[in-house]
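Student: I should like to discuss the structure shown here. Could we begin with the terms on which the discussion rests?

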Amino acid sequence: MTTDNTTSNTVEFRFLAEPTDVNFGGKVHGGMVMKWIDQASYACAAQWSKHYCVTVSANAIRFIRPILVGQLISLTARIVHTGKSSMHIYVVVKAGDPKTGKQAVTNRCFITFMAVDDTGYPTPVPAYTAQTEEDKQLEKVAIQAKDFAKKLDSEFEDKLGWK
């Protein structure tokens, strides 16, 4: 895997899908894609915060098209919103023929990480400021997803007694 550090809020991983990544249907297993998303997001969060980070949530993981063995996989993870200790990361997964370089989006999602100190407690992260119009739109969606997750947690607690 390679990491692109050209911008501090973005990480890119690239690698080939391997035969060990497939499910019984012969396509890359969804759990493997989720692992890749978590790894790229962790690298992005750690790079941004300069701390160890833990996954808080993964929201709206979309499986748009299957990934095949031998395809070149590109994961781009980028910070799109920060809280006091949280980082909201937008991840896009693309796959395609390594000979042509043509890729198509296969997955996308928002994933949230929290930076923690050496004792495991939340620690502050640098504030993110959206620069482009796309960044601003992604930040709005991330904030909506965060608000929805809070509402969902509240409903689990209130209606189902889950804590």
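Tutor: Contact means heavy atoms within 4.5 Å. This is a predicted model, in which local features need pLDDT of at least 70, side-chain atom pairs count only at pLDDT 80 or more, and totals for chains, interfaces and linings use all residues. Residues are numbered from 1 along each chain as its sequence is written, and side-chain values use heavy atoms, with hydrogens and water left out.

Student: In what pattern do the helices and strands follow one another along the sequence?

Tutor: Helices (H or I, at least four residues) and strands (E, at least two) are DSSP runs, numbered from the N terminus. The protein has two helices and five strands. Read along the sequence, their pattern is β-α-β-β-β-β-α.

Student: What is the radius of gyration of the protein?

Tutor: The radius is taken over C-alpha atoms, and the globule rule is 2.2 Å times the number of residues to the power 0.38. For 163 residues that rule gives 15 Å, and the protein comes close to it, so it is as compact as a globular protein of that length; its radius of gyration is 17 Å.

Student: Is Asp135 buried or exposed?

Tutor: Asp135 belongs to helix α2, residues 133–160. Buried means under 20% relative accessible area, exposed over 50%, and partly exposed in between (1.4 Å probe, protein chains only). Because its relative accessibility is 11%, Asp135 counts as buried.

Student: Which residues is Asp135 in contact with, leaving aside its neighbours within four places in sequence?

Tutor: The sequence neighbours within four places are set aside. The contacts of Asp135 are then with Arg78, Tyr128 and Ala130.
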